[in-house]
Amino acid sequence: MGMDQWLPFTVELPQGKLLYKSVLKSNEVYVLDFYTDIFVWIGRKSSRLVRAASLRLAQELLEMIERPSHVMVSRVLEGAEPQVFKIRFEDWDDVLRVDFTRTPEMLDKRDKEMKKNPGEALEKKAAKVDLSALFMPQQPKLTSGEANDIIHAYNDNLKSMRCCVIEGKKFSILPNREKGHFYSGECYFFLCRYSVLAEKGDEKDKSEKEEEEEGEEQDDDEEVSTETIVYFWQGRDASNMGWLHFSLGIRKQLEKAMDVPIEVIHIKQQQEDYKFLSHFGGKFIIHKGRRNSPDDSKPALYQIRSNDTRLCRRVIQVEATPKSLNSAFCHILKVPFDNSVSGIVYIWIGEKTTQEEAIHAEQMGRTMFESNYSNVVVKEGTEPENFFWVALGGMADYEHEATYMEKKRLFRCSNEKGYFAVSEKYADFGQDDLSQDDVMILDTGVEVFVWFGANACEMEKKLGLKSAQTYVKHVNSEDEGGPKRKLKISKRGAEPWEFTRCFHGWVSR
């Protein structure tokens, strides 16, 4: 049955007009199409025939035009409206009614205009606001098979990778044994060459192509070109001088030597993308400090952790205390002897880790350090007190679960686009994703923290907090079986443990 046969049951609102709650009548059904969301609002007193017709109409509207893949038809019952529906209305009582882009003075001026000329002022009132990220479902994690496919896809076209470290205004090529080792105080660059299939021209007609197919076979090398990309990696504790020396000097040297322009991608610590991570075969180790001046006299503890998928697995040096341990992760503890030349490497296997994670931890522990360090695999609960616990400052309590890894989400509230908008940084986020210019919202699965950047404006702070309140209401209504989220403020520089544990390798500043 065509959509036109359902038109008698629909009411079209004037385009561009703001929606008010009063338009909804209990004896009617409304279809609201916002392109990224389609709602069917069902009044309590509406007839079953009209309800069925409206749901059918909404489904046909969904299929009429191309939309994002996540769009679906949502059925909304009167009196049980979700927050994502309520925010579409100007006067819904329990939804924040603010203009995210105007100062109090501008709002006062607008109110005066509304009294003088309501019609004209109404058109000026509409301001672009994007809170949709708060109401999107959590992105599903990549499966092991999907991660393997991504790794193979990116590495199949990789012809070569040259690893280099910035040393003042010059650079040095890293020895092969240091590939996958990074220091937070250093800058590196990686010269990658990829095979790219050359596009064939379409100027030849069919008969010419057939003659070519019957003739000599073309050399495969003639159909493949080479693309060069340089990844510049900057450690959290490294100054910007390394990037300046590379941009103003080293890059020009590379382009002159290769006689081709090169694409440069600037990456900061723990903000690496899938393509870059896939080139290290699961060996991505971040040490504290400088490459040529490591502190080998003290114990060093490393936590192995995956964000989202094993493709995002990193081995990061953390504070060498029992509190850094967690039964859900594997850890590597380097304990030097008094001479600092030799020692023991403990590979600590948390009781809640998988066999694959344990095997990976053993591989890392046996290859990370010099050969004069002996390796010992220790299962949780069997730690030797004389070296293991003494190196960590003595036995103490630590966490035995990491359920926050399944629930954690990070949102950014900003007006950099000229209007207030909330965006989500997906599962693989780190400490440096906390923008000093904005307000951040962190959902741990139990608490929702609001974190204020040092340079965030007062409007962002106020409206970021209001957005967090809206998010808490929404997620608590959606996640009925889980714990009710509690809204908390996290003071910059004094973040609580419940906040910092969501960031792998958090460093207090």
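## A buried loop residue, a kinked helix and an open sheet

Thr-309 sits in the loop that links strand S11 (300–306) to strand S12 (313–318). The structure is a predicted model. Is Thr-309 buried or exposed? Its relative accessibility is 5%. Buried means under 20%, so Thr-309 counts as buried. Which residues does Thr-309 touch, leaving aside its neighbours within four places in sequence? They are Leu-142, Ala-147 and Tyr-274.

**The chain as a whole**

The chain has 509 residues, and 43% of them are buried. It holds 13 helices and 20 strands. Take the contacts between residues at least 6 apart in sequence. Of these, 70% join residues at least 24 apart.

**Helix H7**

Helix H7 covers residues 241–258. How far should its 18 residues span? At 1.5 Å a residue, the expected span is 26 Å. The end C-alpha atoms of H7 are 24 Å apart, which agrees with that value. H7 also has a kink of about 45°. The kink is centred on Ser-247.

Which residues of H7 are buried? They are Gly-242, Phe-246, Ile-250 and Leu-254. These buried residues pack against five strands: S4, S5, strand S7 (187–197), strand S8 (224–234) and strand S9 (263–268).

Gly-242 has a further link to this part of the chain. Its C-alpha atom is separated by 7.0 Å from that of Gly-168. Along the chain, the two glycines are 74 residues apart. Gly-168 lies in the loop between strand S4 (158–167) and strand S5 (170–173). Its relative accessibility is 46%, so Gly-168 counts as partly exposed.

**Two residues with positive phi**

Most residues other than glycine have a negative phi. Asp-259 has a positive phi of about 60°, although it is not a glycine. Asp-259 comes just after H7, in the loop between H7 and S9. Gln-270 also takes a positive phi, near 65°, and is not a glycine either. Where is Gln-270? It lies in the loop between S9 and helix H8 (274–278).

How do these residues differ in exposure? Asp-259 has a relative accessible area of 67%, so it is exposed. Gln-270 has a relative accessible area of 3%, so it is buried.

**Cysteines**

A disulfide is a covalent bond between the sulfur atoms of two cysteines. How many disulfides does a search of the whole structure find? The search finds zero. Cys-312 is buried, at 1% relative accessibility. Cys-330 is buried too, with a relative accessible area of 2%.

The table sets out the accessibility of the residues discussed so far.

| Residue | Relative accessibility | Class |
|---|---|---|
| Thr-309 | 5% | buried |
| Gly-168 | 46% | partly exposed |
| Asp-259 | 67% | exposed |
| Gln-270 | 3% | buried |
| Cys-312 | 1% | buried |
| Cys-330 | 2% | buried |

**An open sheet of five strands**

Now turn to a sheet. It is open, with five strands in the order S17-S16-S18-S19-S20. The pairing is mixed. Which are the edge strands? They are strand S17 (421–425) and strand S20 (486–490), and each pairs on one side only. On average, neighbouring strands of this sheet are turned by 25° against each other, direction ignored.

Helix H12 (residues 458–478) packs on the sheet. H12 touches strand S16 (409–414), S17, strand S18 (439–443), S19 and S20. The direction of H12 makes about 20° with that of S18.

Look at one end of the sheet. S16 and S17 run antiparallel and are joined by five bridges. Within this pair, Phe-411 has Glu-424 in S17 as its bridge partner. S16 and S17 form a hairpin, with six residues between them. In the turn, Gly-418 has a positive phi of about 100°.

Next, the pair S19 and S20. Strand S19 (residues 447–452) pairs with S20 in the parallel sense, over five bridges. Which residue in S20 is the bridge partner of Val-450? It is Ile-489.

One general point helps when viewing these strands. In a regular strand the side chains alternate between the two faces of the sheet.

Terms used:
Residues are numbered from 1 along each chain as its sequence is written. This is a predicted model: local features need pLDDT of at least 70, side-chain atom pairs count only at pLDDT 80 or more; totals for chains, interfaces and linings use all residues. Side-chain values use heavy atoms; hydrogens and water are left out. Helices (H or I, at least four residues) and strands (E, at least two) are DSSP runs, numbered from the N terminus. Buried means under 20% relative accessible area, exposed over 50%, partly exposed in between (1.4 Å probe, protein chains only). Two strands pair if DSSP finds at least two bridges between them. Axes are lines fitted to C-alpha atoms, for helices over the stretch in contact, and angles run from 0 to 180 degrees between N-to-C directions. Contact means heavy atoms within 4.5 Å. The expected span of a helix is 1.5 Å times one less than its number of residues. The bend at a residue is the angle between axes fitted to the seven residues ending there and the seven starting there. A disulfide is a pair of cysteine sulfur atoms within 2.5 Å.
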